[in-house]
Amino acid sequence: MSDSFANVKRLIEEIAAANPTTKVELEQFRIQYLGSKNVIKPLMGEIRNVPNEQKKEYGQLVNEAKNAAEQKFAALQDALESVSGDADLPDSYRDFDLTRPGEPLELGSRHPIATTMNRIVGIFQRMGFAIAEGPDIEDDWHNFTAMNTPEDHPARDMQDTFYLQNSTEMLLRTHTSPVQARVMMGQKPPIRIIAPGRVYRNETISARSHAQFHQIEGLYVDENVSFADLKQTLMYFAQEMFGTPKIRLRPSFFPFTEPSAEMDVWIGMDNEKNYRLSKGTGWLEILGCGMVDPQVLENCGIDSSKYSGYAFGMGIERQAMRLYDIHDIRLFFENDVRFLKQFSAVI
Ligand code: DAH
């Protein structure tokens, strides 16, 4: 009996003497005196063995021990929060929690336009074409004049664009064709390049047309280049890109090629989706092409009596729409991740 009183008294002294100085020690203190298996509980159970007339006193003593532990814990907790042993460390260190789970890295995905461009570029690279690039902000001469579209030429009307402030000379290029001029000015034949890039036109934005889009230009200049070479190259491209060599070349006009043609690829009339892209004909219009006009060669310092060439220029968006079954060109430029995420499996 008196043992029980003595035990509680010793415990009270022990609690009073305890001096946890770190958070770890304080936690040990908490587990020992206040945790679910604390040392006070069994002493409380001892009350069974205490004579009735002393039970009240004993109970009070045990409660005293418990209160002492609680008060000490609360006081030390406050003290350690405000002046902890690592108080001189910056907050970022003090709050550093090694056990915290990492934050998952969100992997992005390639834009469907980039994927489509890469695919087309790859096809021509395998045929031996090198990649060339030109600036988006182009001068009038490269964009129009060198490409045989002088200032008063009616073909300029079809390609209205955005001009830089205070300059009628600098503009956003309307096609990738000026890269032809830049390459021919800079190197001698044989020339075999493709030029992917962004182009701009002052056009009303709708589901089918946009003021910015992408093109890939092709140019081959050498001795004895013929229209047959052009056609064969395009058939190969159609086979690789669309799985069919079935193309048709419709006579057309471009100032920088003579003769000129537009190429369609047969995508069939199997379903409504194709109907939308081909306007019910089964033919998807892909590109403009032709034999480089001798005047363009001369404009760029290449002897047109010795060299000939072919060129082509294709839009990317429509091909991407066909590949991925996208019905509105504006989706490409809105950068809505809900749209873009759908292509995360595409490489
Ligand atoms: N630049 C033309 C356009 O944007 C496309 C084009 C047609 C490019 C014929 C060419 C070509 O190289 O030979 O509409």
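**Notes on the ligand site and some local features**

1. A good place to start is helix α8, whose buried residues are covered by, among others, β2 (137-139), α7 (140-145), β4 (191-200), β5 (212-222), α11 (294-299) and β9 (308-315). Please keep in mind while reading that this is a predicted model. Helix α8 itself spans residues 178-186, and its buried residues are P178, V179, Q180, A181, V183 and M184.

2. Next, the ligand. It sits in the largest pocket. There are 16 residues around the ligand, and H175, S177, R201, Q215 and E217 come nearest. If you prefer to think in terms of strands, β5, β8 (283-292) and β9 each supply at least two residues of the shell around the ligand.

3. Three polar pairs are worth finding on screen. A nitrogen atom of the ligand is 3.0 Å from an N or O atom in the side chain of S177. On the side chain of Q215, an N or O atom is 3.0 Å from an oxygen atom of the ligand. With F312 the partner is a polar backbone atom, which is 3.3 Å from a ligand oxygen. As for the cover overall, the ligand has 350 Å² of accessible area on its own, and the protein covers 92% of it.

4. S177 deserves a closer look. You will find S177 in the loop between β3 (170-172) and α8. Is S177 buried or exposed? With a relative accessible area of 3%, S177 falls under the 20% limit and therefore counts as buried. Leaving aside residues up to four places away in sequence, S177 touches M147, E217 and F256. With E217 there is also a polar contact of 2.9 Å between the two side chains. Recall that S177 and E217 are both among the residues that come nearest to the ligand.

5. Now for the backbone. Most peptide bonds are trans, which makes the next two worth checking by eye. The bond from P189 to P190 is cis, with omega near 5°; P190 is found in the loop between α8 and β4. A cis peptide bond also joins E258 and P259, where omega is about -5°. P259 belongs to strand β7 (residues 257-266).

6. Most residues other than glycine have a negative phi. Two asparagines here have a positive one. N148 has a phi near 65° and lies in the loop between α7 and β3. For N224 the value is about 60°, and N224 is placed in the loop between β5 and α9 (227-242). Is N224 buried or exposed? Its relative accessible area of 68% is over the 50% limit, so N224 is exposed.

7. Finally, a stop at R276, in helix α10 (residues 272-278). R276 has a relative accessible area of 41%, which lies between the 20% and 50% limits, so R276 is partly exposed. Which residues does R276 touch, not counting those up to four places away in sequence? They are R208 and H327. R276 and R322 are 46 residues apart along the chain, and their C-alpha atoms are separated by 9.7 Å.

Note on methods: Residues numbered from 1 in each chain as written. Predicted model: local features only at pLDDT ≥ 70, side-chain atom pairs only at ≥ 80, totals over all residues. Heavy atoms only, no water. Buried < 20%, exposed > 50% of the residue type's maximum accessible area, 1.4 Å probe, protein only. Helix = DSSP H or I, 4+ residues; strand = E, 2+ residues; numbered from the N terminus. Contact = heavy atoms within 4.5 Å. Near = heavy atom within 4 Å. Polar contact = N/O pair within 3.5 Å; in protein donor to acceptor, adjacent residues only side chain to side chain. Areas by Shrake-Rupley, 256 points an atom, 1.4 Å probe, with all protein chains shown as cover. 1 Å grid on protein atoms, 1.4 Å probe; cavity = no way out; pocket = protein on both sides within 12 Å on 5 of 7 lines; lining within 4 Å. Sits in = over half its atoms within 2 Å of the grid points.
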